[in-house]
Amino acid sequence: MNSVKEGFELLDSLGISREVQELFSAGLREDASGRLITDYRDEKGRVVDQEILAVTKQKLSSCGILHLSPALPENVRTLYISDAIMHLIFMVQRKIHRIDFSYAAFLVSGARMDRELIEKRMDQYPECVKIYTLFGHSLIGRIRDCKVQDWLKGSDGSFRVAGNKVVAQFKGKEFWMKVGEFSLRNHCRQVGLRQTVSTCKPVDKNIYNFYLFS
């Protein structure tokens with residue numbers, strides 16, 4: 001793997017600064033063809049899948065978890081949760097001059113979010129930590145925002161799509177909402193849940209995630 005001083009060639013070409021690369025270097029390695037690979041692990045620390053970024057494609061991990069932080073767990077003030085390390089890297093690159101990430105932690109779930117794995121990692125951080133989710137503007141991304149919030153409140157609601165409506169099953173009741181109106185804020189209002197999670201998404205709703213700015 002390239003050292004941080006040398007940088008990752010692919011990230012250099014995409015305009016990612018060395019400062020940002022250093023934040024995520026522990027979770028990245030470069031193969032012989034220049035692809036960036038991130039290992040995702042299960043509860044026993046075994047590699048179960050990989051996220052891969054190449055010049056022409058991005059492959060997400062299907063499962064497992066990855067967590068990174070430049071700070072000790074007790075000093076973490078903000079926690080960013082996403083389904084891909086690359087989405088986090090490009091978000092940080094856009095915000096690095098406005099936000100201090102020295103006391104941030106990054107938790108990456110892969111495409112299939114595992115509540116037990118996520119909660120186990122979250123338990124190491126202070127209760128007062130501010131949580132942000134980065135799951136994009138798609139409907140699946142908005143549902144994932146809500147899943148994280150529900151888990152933090154001790155609930156495990158389910159979601160399904162019926163026609164042009166999202167149906168949330170929450171505490172034994174069904175709540176219906178138009179797909180275009182569905183969001184974390186509106187979900188919390190509908191089910192009477194106090195929102196403690198903030199979403200971090202591109203301002204332009206036509207852009208799925210921060211990686212698409214590259």
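Guide: A salt bridge here is a side-chain nitrogen of Lys or Arg within 4 Å of a carboxyl oxygen of Asp or Glu. Please keep in mind that the model is predicted.

Visitor: Thanks! How far apart are the closest N and O atoms of Asp 12 and Arg 18?

Guide: These two residues form a salt bridge. Asp 12 is partly exposed, at a relative accessible area of 31%, and Arg 18 is partly exposed as well, at 39%. The closest N and O atoms of the pair lie 2.9 Å apart.

Visitor: Is Asp 39 buried or exposed?

Guide: Asp 39 forms a salt bridge with Arg 29, with 3.2 Å between the closest N and O atoms. Asp 39 sits in strand E2 (residues 36-41) and Arg 29 in strand E1 (residues 29-30), ten residues apart. Arg 29 is partly exposed, with a relative accessible area of 33%. For Asp 39 the relative accessibility is 18%, and the cut-off is under 20%, so Asp 39 counts as buried.

Visitor: Which parts does the pair of Arg 144 and Asp 83 tie together?

Guide: Happy to show you: their side chains meet in a salt bridge of 2.7 Å, N to O, and both residues are buried. The two are 61 residues apart in sequence. Arg 144 belongs to one part and Asp 83 to the other, so the pair ties together helix H5 and the loop between E6 and helix H3 (85-95).

Visitor: How many salt bridges does the count come to?

Guide: Besides the pairs we have visited, there is a network of salt bridges linking Arg 115, Glu 119, Lys 147 and Asp 156. By the rule I opened with, the count comes to eleven.

Visitor: On to the sheet, then. Which are the edge strands?

Guide: The sheet is open and has five strands with mixed pairing, in the order E5-E7-E6-E8-E12. From one strand to the next, the twist averages 20°. An edge strand pairs on one side only, and that picks out E5 (66-68) and E12 (197-199).

Visitor: Which residue in E7 stands opposite Leu 66?

Guide: E5 and strand E7 (residues 104-108) run antiparallel, joined by three bridges. Across from Leu 66, in E7, stands Val 108.

Visitor: And at about what angle does helix H5 run to E12?

Guide: Helix H5 covers residues 139-152 and lies across strand E6 (78-82), strand E8 (130-134) and E12. Arg 144, from the buried salt bridge with Asp 83, lies in this helix. Relative to E12, helix H5 runs at about 170°.

Technical notes. Residues numbered from 1 in each chain as written. Predicted model: local features only at pLDDT ≥ 70, side-chain atom pairs only at ≥ 80, totals over all residues. Heavy atoms only, no water. Pairing = 2+ DSSP bridges. Helix = DSSP H or I, 4+ residues; strand = E, 2+ residues; numbered from the N terminus. Axes fitted to C-alpha atoms, helices over the stretch in contact; angles between N-to-C directions. Contact = heavy atoms within 4.5 Å. Buried < 20%, exposed > 50% of the residue type's maximum accessible area, 1.4 Å probe, protein only.
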